[in-house]
Structures are given as C-alpha cells and as structure tokens.
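Q: Please take a close look at one part of this model, starting from a single loop residue and its surroundings. Then place that part beside other sites, in one connected account.

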Amino acid sequence: MKRILTGDRPTADKFHLGNYIGKLKNTVKLQDQYETFVPLVDLHALTTYFDQTEKLEANMKSLGLDYLSVGLDPNKTTIFIQSKVPEIVEIAYFLSVLTPRSIIARQPALKEKLDAGEQDTVGLFYYPILMAADILTFKANLVPVGKDQKAHVEFARDIAKKFNDLYGEVFILPEPLIGEVPTLPGTDGQTKMGKSLGNAIFLTDSPEEVEKKVMSMYTDPTRIHPTDPGHVEGNPVFIYLDAFGSEADKPQTTNYKLLYQKGQVGDIEVKKYLVKVLNNFLDPIRQRRDELEKEPGLVERILKEGTEKARIEAQKTLAEVKKAMKLDYF
Ligand code: ATP
Ligand code: MG
C-alpha cells in the first residue's frame, strides 16, 4: 500500500479553514487508499516556540482532537508526536551531510518565515532538512500540503534521489499533493490565512465568532456602493463560498456571483449567506469535537499508540539507512 505523510506545527491549539482546504481534506479523503502518517511536528514548532515550550503539549492534544473531528480515523491513520521518534532526527543528520547550504538558502518558505519576524537560527535553517527526514523516514509517496510547502517536498525528493544514487535504493521519492485551494486567503484579504497571522477562521470558532469575522471581512476593494459592478475573482468571500459550500449551495452561489458582478447585490447580503454556508460546514465538525471532548484521555491514548507504531517504522528505515551507508558496524 502506498503511503502518505503530512505534519502540522503545534503553533496554535486549533486548525483554520486554510489548513483544512490545503491539506486536511485530502488527507481524510485518501486515508482509505493510503497508509497514512500524520505527525504533530513539535520540533518544527520550536523554531517559533523555543521560549513558549510549555504550550506545546496542550496545543498537540487540542490539534489531535481537531484531527479526529475532521474525520481522521486512528484505525487507518497513524497520528504521532515527532519528537518521540528520535530516529527522524538521526536520519535528518545523514541527509544534512548531502545537502549543499546554497540549496537551503534558496528555499522560499525560509525567506517568508524570516520576513514574518522569525529568528534567523541554525534550527530554522535546518527545518527543510528535518521536514525531508519526516517524509523520507516514513517512505511517503504522497505529501498533502498547502502551496507554501511545495518546494520543501521537492527538496525532499531531490535529496532522496541523491542518497539513493550514492548508497542504494532506500528512500521513496515523494510527490506533493496540493489541495483544491492551493493558498486560502485570510479574512483580511492577505494572500495566506495563517495560524499566527490574526486573519484566520478556526474550525472550532463558535457560530457567533464566524459571523463576526465574516461580517468584517475584506471583499472587493474597488467596490464602494452595492450598485457598483463587483469582482468575484480573487474575492475572499467568493473563494470561501466555492471552497466550503455544499453541492446544494452551488446554484445560489452562482446566482450571487452573477448579481455581484452586475452590481445587484450588496456585500452584506452575500456575507450573511457565507456565514450560513460556513456554519453549515463547521457544524458537524463542532458536534464531533463536543462528543470527543467527553472522552478523557482519548487523544493521549491515540497519540501514544500512534507514536509506538511510527517508531517501529522509523527504526526499520534507520537500520536500512545505516546498512546502506555501511554504518552498521559490528
Ligand atoms: P504558522 O502561521 O504557524 O506557520 P500555518 O497556518 O501556516 O501556521 P502550518 O502548521 O505551518 O500552518 O501548516 C500546516 C499545513 O497547512 C501545511 O501543509 C500548509 O501548507 C497548510 N496551510 C497553511 N495555511 C494555508 C492556507 N492559507 N491555504 C492552504 N494551505 C495552508
Ligand atoms: Mg506555516
């Protein structure tokens, strides 16, 4: 069976709509066809959270609940904690000696993180290598990610090939799988919704919070009066409607698009409709989460079992790596 791996940084205790449409949706859909590994990558979170490490445990428990609420099934998907599988770090080191510094220095996501104010540490520089190790340790064929992470998967593929060419076939060459919306914009109209950007609608937001965020959302900046012809392309309100509306919502969405372009409907009416659409989408997730919260210790147990299983796989790959590199001394 082919494999999937896709991780998340526990830099917050909840996922947003961008995380969902960028990768969680694909992961849930494909878990029946692929052996799926989903690490909570706390080591990657450390590049941002090295001075707030006390938050990581609670964040991971909460994100674990979100995973289950959106439909990840622990019987099909191995959910685990990255730092509890130290073999990944060892494999990352072996990859690092094959990696020219200049390739890492060119990674666009690294520059984005520095621009966003992250400290320019060796740890941050090392992050694409560690991410490659996450993927390669589990021999993933497919890596569901948002567009911002695509280059890192391509790097993982290149470094896997280099290793295989040098030492023999150990690693699988992974492919990125980008979600149906490659980068969901934020409620503020910024290109990317982000956990740490203050522009996110979270899967656990209450109906009232969703309403508040949507009603103050960015739409078409060129449109001043509801009678002005409006733009639908690139307008976050319509991007969200397309992404989160059900089949049954489609005719109404199409209708609003036409009216909007002709200047025959106001922002407020369309936003009210979006509130309804988003709350309909989020309701079953909220309900599942409420149910799951009633089971104390559930997430801890799933993470523990998942980590044990992941560790066995990682140990196998590490042994293969060492053998291929002739480091399996007496
Ligand atoms: P942070 O701001 O802390 O980096 P984040 O919101 O970017 O948080 P990550 O944990 O870095 O979330 O990313 C988890 C996954 O979600 C990655 O695969 C990433 O590509 C994807 N993702 C994040 N934001 C978006 C978005 N706005 N649209 C589509 N995919 C996204
Ligand atoms: Mg990110």
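A: Helices and strands here are DSSP runs, H or I of at least four residues for a helix and E of at least two for a strand, numbered from the N terminus. The model is predicted.

With that numbering, Thr 6 sits in the loop between β1 (3–5) and α1 (17–30). Buried means a relative accessible area under 20%. Thr 6 has 2%, and therefore counts as buried. Setting aside neighbours within four places in sequence, Thr 6 is in contact with Lys 23, Thr 27, Phe 37, Val 38, Pro 39 and Pro 144. With Lys 23 there is also a polar contact, side chain to side chain, at 2.7 Å.

The next site is ligand 1. It is surrounded by 21 residues, and the closest are His 16, Asp 148, Lys 192, Lys 195 and Ser 196. Lys 195 has a polar side-chain atom 2.6 Å from an oxygen atom of ligand 1. For His 16, the distance from a side-chain N or O atom to an oxygen atom of ligand 1 is 2.7 Å. For Lys 113, the corresponding distance is 3.4 Å. Ligand 1 taken alone exposes 600 Å², and the protein buries 95% of that.

Two lysines have backbone angles worth checking. Most residues other than glycine have a negative phi. Lys 139, which is not a glycine, has a positive phi of about 50 degrees. Lys 139 lies in the loop between α7 (122–137) and β4 (142–145). Lys 326 is not a glycine either, and its phi is positive at about 60 degrees. Lys 326 belongs to the segment after α13. Its relative accessibility is 64%, so Lys 326 counts as exposed.

Helix α11 gives a view of how one helix is packed. It covers residues 250–262, 13 in number, and spans 19 Å from its first C-alpha to its last, close to the 18 Å expected at 1.5 Å a residue. Its buried residues include Thr 253, Tyr 256 and Tyr 260. These cover an arc of only 60 degrees around the axis, which means that they are on the same side of α11. The general reason for such a pattern is that an α-helix has 3.6 residues a turn, so residues three or four places apart point the same way. The cover over the buried residues of α11 includes α10 (236–244) and α12 (267–293). On the face turned away from the buried side are the exposed residues Pro 251 and Lys 262. Just after α11, Gly 263 takes a positive phi of about 75 degrees.

The last site is Arg 311, in helix α13 (residues 298–324). At a relative accessible area of 32%, Arg 311 is partly exposed. Not counting residues up to four places away in sequence, Arg 311 touches Lys 84, Val 85, Pro 86 and Glu 87. Glu 87 is also its partner in a polar contact of 3.0 Å between the two side chains. Arg 311 and Tyr 256 are 55 residues apart along the chain, and their C-alpha atoms are separated by 51 Å.

Notes:
Residues are numbered from 1 along each chain as its sequence is written. Chains are lettered from A and ligands numbered from 1 in the order in which they are written. This is a predicted model: local features need pLDDT of at least 70, side-chain atom pairs count only at pLDDT 80 or more; totals for chains, interfaces and linings use all residues. Side-chain values use heavy atoms; hydrogens and water are left out. The expected span of a helix is 1.5 Å times one less than its number of residues. Buried means under 20% relative accessible area, exposed over 50%, partly exposed in between (1.4 Å probe, protein chains only). The arc is that of the directions from the helix axis to the C-beta atoms. Contact means heavy atoms within 4.5 Å. A polar contact is a pair of N or O atoms within 3.5 Å; within protein, one must be able to donate a hydrogen and the other to accept it, and residues adjacent in sequence count only if both atoms are side-chain atoms. A residue is near a molecule or strand if one of its heavy atoms lies within 4 Å of it. Accessible areas come from the Shrake-Rupley method with a 1.4 Å probe; for residues, only the protein chains shown count as cover.
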